[in-house]
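Work through the exercises below with the coordinates open. Each task is followed by a solution in steps.

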Amino acid sequence: MAQTATAPRAKGPLVWMNMDQKELDDAYDQLVYAPNRDQVHKRNMFNSDRVRARLGAPKRMAYGPTPIEALDLFATSEPNAPINVFIHGGAWRQREVKDYAFLAEMIVRAGGHWIGLDFAGVENTKGDLAPMADQVRRAVAWVYKNAKSFGGDPDRIYISSHSSGAHLGGNVVTTDWSVYGVPQTVVKGGLLGSGMYDLIPVRLSKRSEYVAFTDRIEEDLSSIRHLDRLNCPLIVAHGTFETPEFQRQARDFAAAVKAAGKPVTFLVGEGYNHFEMAEMIGNPLSLIGSAMLEQMGLAR
């Protein structure tokens, strides 16, 4: 039986660059480009259980007054060790950092402390991104102020982040830290993986159905607009199977950092989609993992 050809979709009015509304919505919907999300998440949970079995349960500590404002610490045995603070993704929705423990072992085995943050999702902030940015910033400040209590070096704090976590990571590395009572150079380096650094197109997409974008949020939390406050070298990465917008966001941000005269390493994961990119963060042999270890001075 002959198959009936599907008629091409008529392109609508342009909304952003060369994209109509559907194309832009799809470009901020990871499942359209990476339908194996649930498979990868199950793999991450499986490997997180295996890491806890090998390293033991992390130490749970509060960085703020509400129950969600807590972190998991996987400590190394090395004294006065560098610290990596991980900020998870999830489309700004609620997630649990325990599902990202699979990233800890690389850092711990290399001689660093790994800290994973829990923080609110937009469903618990009435769609407001500002409380989330404040929480991760307060967490980093807490780590600096309390590092010596768990054998960490407060002068060697690094961040790693992925997806919407990398958006928040971009906010962290462009923070005015005087507001939080710590040095402007509190973060010594960062990985921003598969993130968003300019909220204009995100605001135009269907993500505005559950995120309460405002002019103030767009301005304050678009890290590409605040590179004057960037005080550390960055690794910016994306995969070749990510959406066109996530690839462009990474390219444009890395180019802007370079144009601002600040150190940046731009990495492209060949053959990786959005969710698979996160797995490289915990692999010392991967493009991203090896770069992180080198940035932290833990490469051997």
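## Exercise 1: Salt bridges

The structure holds 25 salt bridges, a salt bridge being a side-chain nitrogen of Lys or Arg within 4 Å of a carboxyl oxygen of Asp or Glu. The model is predicted: local features need pLDDT of at least 70 and side-chain atom pairs count only at pLDDT 80 or more, whereas totals for chains, interfaces and linings use all residues. Residues are numbered from 1 along each chain as its sequence is written, and side-chain values use heavy atoms, with hydrogens and water left out.

Task: examine the pairs Arg 109 with Glu 105, Asp 252 with Arg 248 and Glu 219 with Arg 225.

Solution.

Step 1. Recall the principle: side chains of opposite charge can pair when their charged atoms come close.

Step 2. Take Arg 109 and Glu 105. Their side chains meet in a salt bridge of 3.1 Å, N to O. Because the two are four residues apart in helix H4 (residues 104–110), about one helical turn separates them. Helices (H or I, at least four residues) and strands (E, at least two) are DSSP runs, numbered from the N terminus. Glu 105 has 15% relative accessibility and counts as buried. Buried means under 20% relative accessible area, exposed over 50%, and partly exposed in between (1.4 Å probe, protein chains only).

Step 3. Take Asp 252 and Arg 248. This salt bridge is 2.7 Å, N to O. Both residues lie in helix H9 (residues 244–259), four residues apart, about one turn of the helix. Asp 252 is partly exposed at 33% relative accessible area, whereas Arg 248 is buried at 9%.

Step 4. Take Glu 219 and Arg 225. Their closest N and O atoms are 2.7 Å apart. Glu 219 is partly exposed at 34% relative accessibility, and Arg 225 is partly exposed at 30%.

Step 5. Extend the last pair. Glu 219 and Arg 225 belong to a network of salt bridges that also links Asp 198, Arg 203, Asp 215 and Glu 218.

## Exercise 2: A covered helix

Task: how many residues of helix H6 are buried, and what covers them?

Solution.

Step 1. Helix H6 spans residues 164–173, and ten of its ten residues are buried.

Step 2. Check the composition. Among the buried residues are Gly 165, Gly 169 and Gly 170, along with His 167 and Asn 171.

Step 3. Look for the cover. It includes four strands and a helix: S5 (81–87), S7 (152–162), S8 (187–193), S9 (234–239) and helix H5 (130–146).

## Exercise 3: Gly 239 and Gln 247

Task: place Gly 239 and Gln 247, and list their contacts beyond four places in sequence.

Solution.

Step 1. Gly 239 is found in strand S9 and is buried, with a relative accessible area of 0%.

Step 2. Contact means heavy atoms within 4.5 Å. Outside its neighbours within four places in sequence, Gly 239 touches Gln 247, Gly 269, Tyr 272 and Met 277.

Step 3. Gln 247 is in helix H9 and counts as buried at 17% relative accessibility. With the same exclusion of neighbours within four places, Gln 247 is in contact with His 238, Gly 239, Thr 240, Phe 241 and Glu 242.

Step 4. For a distance check, the C-alpha atoms of Gly 239 and Gly 193 are separated by 9.0 Å, with their positions 46 residues apart along the chain.

## Exercise 4: Positive phi

Task: where do Asn 80 and Trp 92 lie, and are they buried or partly exposed?

Solution.

Step 1. Asn 80, a residue other than glycine, has a positive phi near 45°. Asn 80 lies in the loop between strand S4 (70–74) and S5, and is partly exposed at 42% relative accessibility.

Step 2. Trp 92 is not a glycine either, yet has a positive phi of about 70°. Trp 92 is in the loop between S5 and H4 and is buried at 1% relative accessibility.

Step 3. Add a glycine: Gly 297, which follows H11, has a positive phi near 75°.

## Exercise 5: The whole chain

Task: how many helices and strands does the chain have, and what share of its residues is buried?

Solution.

Step 1. Count eleven helices and ten strands.

Step 2. Of the 300 residues, 56% count as buried.
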